[in-house]
Amino acid sequence: MTTISAQSLDLTFQTADGPVHALRDVSLNVAPGEFVSFIGPSGCGKTTFLRCVAALETPTGGTLQVNGMTPDEARRARAYGYVFQAAGLYPWRTIGKNVSLPLEIMGYDRAERIERMHRVLELVELDQFANKYPWQLSGGMQQRASIARALAFDADILLMDEPFGALDEIVRDRLNEELLDLWARTQKTILFVTHSIPEAVYLSTKIVVMSPRPGRITDVIDSPLPRDRPLDIRDTPEFLEIAHRVREGLREGMEAA
Amino acid sequence: MTDTSLNASGAAVGRSGRVALWLRRLPRTVAPVVTVVAALIALWYVACIPMNAQESLLAAERAGAEVTPATAAERRGVGGVSLAIANPAAALSGALGQERPRLPAPHQIVAELWQTTAGHLDGCGLAEEERDRLVIPLPFLPGDPVSGEARAISTPIDEDCADIFTSRRSLVFHAGLTLAPTLLGFAIGSALGILLAVGIVHSRVMDLSVMPWAIASQTIPILAIAPMIIVVFNSVGIQGLLPKSIISAYLSFFPVTVGMVKGLRAPSPADLDLMRTWNASGLRTLISLRLPTSLPYLFASLKVAIAAALVGAIIGELPTGAVRGLGARLLAGSYYGQTIQIWSALFGAAIVAALLVATLSMIERATLKQMGLQR
């Protein structure tokens, strides 16, 4: 049983400067409930792969299945929630209204919208802020609201494209901890794109190391760390060993290219 | 939303402090405006002297004064500046008080504006023969379609002339008559503009086909097309408000279309991707994302559109030989050389336009603040 299954995926963009190989021969299986991080330098195709899963890009070769369906069918079935690097909250809606926007679009009735909105805002500890406007919240709180919005409609896959990339280290640490907690409670399958080695190692059950030109997978590391991870696990030898392996993978990818 | 943000000016001071801050800033904001206006008015007064020199010297000559050149015929080909330099006293004394000056002085226009709006209206309580002088003429009236005879060139003024809203001497009355087609035309034009923009943004065919026509429509001089619109509507029995409104709409739809096409395309790719991940329909994306995002663009174009609508309504009055409205005042004034009346009608139109734009600005500020698009 796999949630996401990619077999020798190819994606080539035709540009004025000739074809760009964003993805070349990418094969990956993700089991339900896994936390998979994608790490690599810019242009390695990690975001592109996520966008393929979300049916925002169409691969030019290979097969990709999401929940046993094509990505576009999965999108129509609302199989995933997507969190972008920018929170993307609408300034004319309160936090509560922002979170219930996907529910409105999906046709949930009013009572259920309110019930779900409060439930997911509680999950990200923003319940008291339902009537505030986005500009009244800090960047970290805005990003939490955008995660709540992605969780609101019970998709069992969460796609996160550098969600904490624009936040400072301290806020990022706290949000990482909260995200792990959220993952443990909701049992979602999470695909997470990041630039940060500690973030990837701390969060993931599986780390996918990618390298550019052409965008490809150079290493897939199954993390031996337990699911329950306090922040200071980052000082243990196991953690440092995985981090070292990720760094090596990134270096090899750069040298080969 | 009611909270004042911490970095707003005057946020840390109480109400009296805020007033004091405002008062302290006042000289800095008002002084440059006053300076520019004063300079313009001074320039205007100076310009009145050469512009009105011919008439000033004629009046001086009739009063028995020595002027050079001595006769009107000799003066005809001489420029106003040379005349004013040759006869400074006569030119200066006669420049600002003429009944039909080539260039009326600002105070004459203000007096006329005051008289025809807030002040006592001429013609009320005057003797019958004096009132005839004030009759509004019907200029350029075509011959009677049946008999071919020229129609009456004047229409009697209202008996009840005391009321500034109904008297034909009242600029408020004429402005009100021009305002109605302006607002209706603005409403039609804005609605059409928004609809076209929605179509252009959603359909590639419309994008390629409508925009060139919209641009072409604005390259045709409105003065050429206005009479045709009036005549076509008249031939199917529609007169009055609607044809004038159509001309207003013709001028006002374009800025709205252009602004809204930009506004509806303003959402970021990420915002649109988000809508796509929720499998939102095009209509849903339009209502929940594109329309709210376009509001700042909409207001900017509405302000252009309402001024254009006013111009359209005034132009719509010209080819009909209208007897009422700001356009009629302009036309009657130019027909009878009543320069003061022309200028006061022009200023009346400018004041109406300024009031309309200011109203829209107030609505804009309140709406955008409410929507969190401007703080």
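Helices, in the sense used here, are DSSP runs of H or I that are at least four residues long, and strands are DSSP runs of E that are at least two. With that in mind, look in this predicted model at residues 177-200 of chain B, where the chain is 100% helix and 0% strand, and where the end C-alpha atoms lie 35 Å apart. Residues 294-315 of chain B are likewise 100% helix and 0% strand, with 31 Å between the end C-alpha atoms. Both stretches appear in an unreviewed UniProt entry, which lists them under "transmembrane region" together with residues 29-47, 220-242 and 340-363 of chain B.

From these helical stretches we can turn to the place where chain B meets chain A, a contact to which chain B gives 22 residues and chain A gives 25 residues. Between them the two chains bury about 2300 Å², and 60% of this area is on carbon and sulfur atoms.

What kinds of polar pairing cross this interface? The rule finds 2 salt bridges between chain B and chain A, and one of the salt bridges joins the side chains of R51(A) and D273(B), with 2.8 Å from N to O. The count of residue pairs in polar contact between the chains, with both residues at pLDDT 80 or more, is 8.

On the side of chain B that touches chain A, the elements giving two or more residues are α12 (269-277) and α13 (282-317) of chain B, and the largest share, 7 residues, comes from α12(B). Sorted by character, the residues on this side of chain B divide into 10 nonpolar, 6 polar and 6 charged.

Definitions and conventions:
Residues are numbered from 1 along each chain as its sequence is written. Chains are lettered from A and ligands numbered from 1 in the order in which they are written. This is a predicted model: local features need pLDDT of at least 70, side-chain atom pairs count only at pLDDT 80 or more; totals for chains, interfaces and linings use all residues. Side-chain values use heavy atoms; hydrogens and water are left out. Contact means heavy atoms within 4.5 Å. Buried area is the accessible area (1.4 Å probe) that two parts lose on being put together, summed over both. A salt bridge is a side-chain nitrogen of Lys or Arg within 4 Å of a carboxyl oxygen of Asp or Glu. A polar contact is a pair of N or O atoms within 3.5 Å; within protein, one must be able to donate a hydrogen and the other to accept it, and residues adjacent in sequence count only if both atoms are side-chain atoms. Ala, Val, Leu, Ile, Met, Phe, Trp, Tyr, Cys and Pro count as nonpolar, Asp, Glu, Lys and Arg as charged, and the others, Gly among them, as polar. UniProt positions are given in the numbering used here, feature names are shortened, and annotations may be inferred rather than shown by experiment.
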